Every structure is written in structure tokens, then in C-alpha cells.
Amino acid sequence: MTSDAPERAVRVGRKVRAVRLGPRSVAALALVSAIGVMAFGWPLLAGSASGLAHSRDAPWLFAALLPMLLAVVVATIADSGLDAKAIAMLGVLAAAGAAMRPLGAGTAGIEPMFFLMVLAGRVLGPGFGFVLGSVAMFASALLTGGVGPWMPFQMLSMGWVSMGAGLLPGPDRLRGRRELVLLAGYGAVSAVLYGLVMNLQGWPYIGGMASGVSFVPGDPLPDNLARYLAYCLATSLGWDLPRAVVTVLLTLTLGGTLLKALRRATRRAAFDAPVSFDAPDAGGASRGGAPG
């Protein structure tokens with residue numbers, strides 16, 4: 001094997017990603033995201049005669065469906081380049097994210113996990129980011145005992161957060177303070193959007209609320225959306241904004257160091273490094289192989 005393969009991998013390390021998005025990966029991600037959008041938003045389109053009281057079974061249906069779809073995504077991405085080194089890094093980062101989530105115990109939206117998911121998605125690409133966000137949220141649910149019908153929705157939402165970071169512009173060119181500002185801004189927006197999206201998972205099934213914020217099956221979509229926004233302002237914004245602030249502060253203060261560490265680890269791991277084998281030296285082999 002030629003000795004310069006690792007050196008070539010280091011030289012191109014900035015452009016190498018642990019998981020490359022091939023056509024099947026893109027199709028699988030698009031499919032699971034489309035089904036996720038349906039899972040979150042279908043009650044808004046339900047008719048007044050749809051029997052939403054009966055539809056309390058729907059979250060459990062999606063709870064069984066989404067992990068299987070995520071498994072399809074993982075298998076497809078693995079088929080396009082998730083090697084042993086990438087799996088090892090996935091496990092380490094997912095464990096770190098799961099361990100960071102209980103640090104704030106959800107208090108007032110203090111969730112440092114978002115900071116790591118955004119930066120890891122930025123360095124390792126959208127495919128790796130989606131899998132990492134989903135796996136880290138699954139592991140953290142097991143760690144904190146937060147297993148329930150909401151867990152697949154959390155996995156999907158966190159996967160979107162980390163995947164979006166991998167789709168931000170300038171992954172090979174933008175560095176320094178400008179990159180940190182970009183990631184901090186994205187982290188703030190995604191932290192708020194995560195809360196807004198997760199509210200859709202439970203809001204249609206919560207009874208006993210004031211009429212101004214309750215979901216009304218069959219009402220026009222604009223009316224239900226207005227009630228939904230009122231519900232978010234009244235219940236979750238006090239959690240979403242602190243989450244965004246914590247993500248921004250951690251990104252601006254620790255982001256530069258963590259980005260360098262992640263990029264250094266990616267270069268040294270030499271994901272998908274080209275390996276070639278030289279033909280044996282026929283002359284040397286004949287000289288060494290002949291008995292004296």
C-alpha cells in the first residue's frame with residue numbers, strides 16, 4: 001500500500017465528509033422528512049367530522065413508524081459511505097450530546113445539546129448531521145427516561161436541526177469569526193423553530209385550554225394557525241428563547257475551539273481515504289525467494 005494515502009487524505013480533509021449524500025441518501029432523507037411533515041401537521045387539515053378524540057392513537061402510530069424510517073435512512077447512508085471510523089465518531093458525538101442534554105434538565109430552556117449538534121452538523125455534513133441528531137436524541141431519551149410518543153418527533157426535529165447546519169453555505173471557505181456568527185445565528189433560529197415544531201406534536205390533543213389557544217378540528221387553517229401562535233406565545237416561548245440564547249453564547253465562546261477539534265479529528269480519521277496497492281517488485285521477489 002502506498003505510504004502517501006494518509007497524507008493525501010489530510011490534504012483534502014477539509015473537503016471530506018463522514019457521510020456523503022448520494023442519490024439514495026437524498027431520496028431517503030426527503031421521504032422521511034416528508035412523512036415527518038405529515039406527522040406534525042396532519043391535524044391542521046383534519047375535518048370537523050374526523051373524530052380527533054379517536055385520533056389520539058395517531059401519535060403512537062407515528063412513534064412506531066418514524067424510527068423504522070430513520071433506520072432506512074441510516075442504512076441508505078451507510079451504503080453510501082458510513083465506514084467504521086464514521087460510526088465510531090457518530091457514537092462518540094451522540095454519547096456526548098446525550099450526556100449534555102440533562103445538564104440543564106430542560107430548566108428554562110437551558111439545553112447545551114443544541115450547540116454540539118449544530119457544530120457537528122456543520123463540520124461533518126448534512127447526512128451525518130441528520131443521523132447524529134436523531135441518534136443523540138434517542139440516546140438522551142433513554143438516559144433521562146423521556147421515552148414516549150413524543151420521542152420520534154424529537155428525533156426527527158433534532159435531525160433537521162443538525163442537517164440544516166450541514167447545509168449552510170461556505171463549509172470549505174468560511175472560517176473564523178464570520179463562521180461563528182453564521183452558526184450562532186442559525187443556532188438561535190433553529191432553537192426557536194425546534195420548539196415551535198415540537199408544539200405541533202401535542203397541541204391538537206391537549207384539552208381544557210382556553211378557546212383562544214385551543215385547536216378546533218375543521219376550522220379554517222388560518223384560524224387554527226392563529227390559535228397555535230397564541231398557544232406558543234403563552235406556553236413555550238419562555239423556553240425557546242433561553243434555548244436560543246444559550247446556543248448563541250456557547251457557539252460564540254466555545255465554538256471556535258470545538259470546530260477546530262472536530263475538523264482535526266475528521267482529517268486524522270481520513271474518512272474515505274483513497275487506498276492503493278503497488279505491484280510487487282518482481283526482481284526483488286525473485287532475488288529474495290530463491291534459495292542460496
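# A guided tour from an exposed loop to buried salt bridges

Select Leu45 to begin: this residue sits in the loop between α2 (23-41) and α3 (58-79), where helices (H or I, at least four residues) and strands (E, at least two) are DSSP runs numbered from the N terminus. The model is a predicted one, in which local features need pLDDT of at least 70 and side-chain atom pairs count only at pLDDT 80 or more, whereas totals for chains, interfaces and linings use all residues. Residues are numbered from 1 along each chain as its sequence is written, and side-chain values use heavy atoms, with hydrogens and water left out.

Leu45 is exposed, with a relative accessible area of 68%; exposed means over 50%, buried under 20%, and partly exposed in between (1.4 Å probe, protein chains only). Add Asp219 to the selection. The C-alpha atoms of Leu45 and Asp219 are separated by 8.8 Å, although the two residues are 174 apart along the chain.

**The largest pocket**

Next, select Arg101, Glu111, Gln154, Tyr194 and Arg243, which lie nearest the centre of the largest pocket, among 22 lining residues. On a 1 Å grid over the protein atoms alone, a pocket is an open set of points where a 1.4 Å probe fits, with protein on both sides within 12 Å along at least five of seven lines; lining residues have an atom within 4 Å of a point. The space in this pocket is about 500 Å³, a volume being the space filled by probe spheres set on grid points joined across faces, edges and corners.

Colour the helices α4 (84-104), α8 (177-202), α9 (221-235) and α10 (237-269), each of which supplies at least two residues of the lining. Helix α8 gives the largest share, 6 residues. By character, the lining divides into 9 nonpolar, 9 polar and 4 charged residues; Ala, Val, Leu, Ile, Met, Phe, Trp, Tyr, Cys and Pro count as nonpolar, Asp, Glu, Lys and Arg as charged, and the others, Gly among them, as polar.

**Arg243 and its partners**

Keep Arg243, located in helix α10, and add Asp240. Arg243 is buried at a relative accessible area of 6%, and Asp240 is also buried, at 2%. The two form a salt bridge whose closest N and O atoms are 3.0 Å apart; the term denotes a side-chain nitrogen of Lys or Arg within 4 Å of a carboxyl oxygen of Asp or Glu. Arg243 and Asp240 are separated by about one helical turn because they are 3 residues apart in helix α10. Now show Glu111 as well: Glu111, Asp240 and Arg243 are linked in a network of salt bridges.

**Glu179 between two arginines**

A search of the whole structure finds 4 salt bridges. For another of these, select Arg122 and Glu179, whose side chains meet at 2.9 Å, N to O. This pair links distant parts of the chain, with Arg122 in helix α5 (residues 113-124) and Glu179 in helix α8, 57 residues apart. Arg122 is buried at 2% relative accessibility, and Glu179 is buried with a relative accessible area of 2%.

Finally, add Arg263. Its side chain meets that of Glu179 in a salt bridge of 2.6 Å, N to O. Glu179 lies in helix α8 and Arg263 in helix α10, so this pair ties together parts that are 84 residues apart in sequence. Arg263 is buried, with a relative accessible area of 12%.
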